[in-house]
Amino acid sequence: QVQLVESGGGLVQPGGSLRLSCAASGSFVRINAMGWYRQAPGKQRELVATITLIYNTNYADFVKGRFTISRDNAKNTVYLQMNSLKPEDTAVYYCNAIVGVSTWSTREYWGQGTQVTVSS
């Protein structure tokens, strides 16, 4: 079993910054891709950013130039640095990981979510 624990959410004013963290723990061979998704009230969950084991990154158009995803493989942790936050960034942010649980199989895991609210 694998657990993803997020931290770093909160209330911030427009134009401000937050840094989200997500640490993976449990039994696994390796963590392949990690990423962040978000879900605003009344909307579907959407991809924010992903990062592979070899640090290739992918961003949604609405966060390019503002958000940066990174990971520390030694700590099994992924980060999301969010700058120039806008009210429309308000959502619950979820950590996602594709985990190698054996040599030949992978599983997808989700964190419990952390609330980010951008408001003056």
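Trainee: In the open sheet of four strands, what is the strand order?
Mentor: This is a predicted model. The pairing in this open sheet is antiparallel. Its edge strands, each pairing on one side only, are β1 and β7. Read across the four strands, the order is β1-β3-β8-β7.

Trainee: By what angle are neighbouring strands of this sheet turned against each other on average?
Mentor: Strands of a sheet pair through backbone hydrogen bonds, either parallel or antiparallel. Here the pairing is antiparallel, and the angle is taken with direction ignored. On average, neighbouring strands are turned by 15°.

Trainee: How many bridges join β7 to β8?
Mentor: β7 covers residues 67-72 and β8 covers 77-82. The two strands run antiparallel. One opposed pair is Phe 67 and Met 82, the latter in β8. The number of bridges joining β7 to β8 is six.

Trainee: Which residue in the loop between β7 and β8 has a positive phi although it is not glycine?
Mentor: The loop links β7 (67-72) to β8 (77-82). The residue has a relative accessibility of 24%, so it counts as partly exposed. Its phi is near 55°. It is Asn 76.

Trainee: What is the phi of Ser 84?
Mentor: Ser 84 lies in the loop between β8 and β9, the latter spanning 91-100. Its relative accessible area is 41%, so Ser 84 is partly exposed. The residue is not glycine, yet its phi is positive, near 50°.

Trainee: Is Thr 77 buried or exposed?
Mentor: Thr 77 is found in strand β8. Leaving out residues up to four places away in sequence, Thr 77 touches Cys 22, Ala 23, Met 34, Ser 70, Arg 71 and Asp 72. Its relative accessible area is 8%, and the cut-off is under 20%, so Thr 77 is buried.

Trainee: Which residue's backbone oxygen does the side chain of Thr 77 reach?
Mentor: Thr 77 is in β8, and its relative accessible area is 8%. The distance from its side chain to the backbone oxygen is 2.9 Å. That oxygen belongs to Lys 75.

Trainee: How far apart in space are Thr 77 and Tyr 55, C-alpha to C-alpha?
Mentor: In sequence, Thr 77 and Tyr 55 are 22 residues apart. Tyr 55 is not listed among the residues that Thr 77 touches, which include Cys 22 and Met 34. The C-alpha to C-alpha separation is 13 Å.

Trainee: Which strand gives the most residues to the largest nonpolar core?
Mentor: In soluble globular proteins, nonpolar side chains tend to be buried together. The largest core here has 31 residues, of which Trp 36, Leu 80, Met 82 and Tyr 93 touch the most other members. At least two residues each come from β1, β3, β4, β5, β7, β8, β9 and β11. With five residues, the strand that gives the most is β9.

Trainee: Which residue of β9 is in contact with Met 82?
Mentor: Neighbours within four places in sequence are left aside here. The contacts of Met 82 are then Gly 16, Ser 17, Leu 18, Leu 20, Arg 66, Phe 67, Tyr 93 and Val 116. β9 covers residues 91-100, and the listed contact in that range is Tyr 93.

Trainee: Which cysteines form the disulfide?
Mentor: The structure holds one disulfide. Its sulfur atoms are 2.1 Å apart. One partner lies in β3 and the other in β9, so the pair ties together parts that are 73 residues apart in sequence. The cysteines are Cys 22 and Cys 95.

Trainee: What is the handedness of the disulfide between Cys 22 and Cys 95?
Mentor: Cys 22 is buried at 0% relative accessibility, and Cys 95 is also buried at 0%. The torsion about their S-S bond is about -80°. The sign is negative, so the disulfide is left-handed.

Trainee: How many residues lie between β9 and β10 in their hairpin?
Mentor: β10 comprises residues 106-110, and five bridges join β9 to β10 in an antiparallel arrangement. Gly 100 stands opposite Thr 106 in β10. The number of residues between the two strands is five.

Notes
Residues numbered from 1 in each chain as written. Predicted model: local features only at pLDDT ≥ 70, side-chain atom pairs only at ≥ 80, totals over all residues. Heavy atoms only, no water. Buried < 20%, exposed > 50% of the residue type's maximum accessible area, 1.4 Å probe, protein only. Core = buried A, V, L, I, M, F, W, Y, C linked by side-chain atoms within 4.5 Å. Contact = heavy atoms within 4.5 Å. Pairing = 2+ DSSP bridges. Axes fitted to C-alpha atoms, helices over the stretch in contact; angles between N-to-C directions. Polar contact = N/O pair within 3.5 Å; in protein donor to acceptor, adjacent residues only side chain to side chain. Disulfide = S-S within 2.5 Å.
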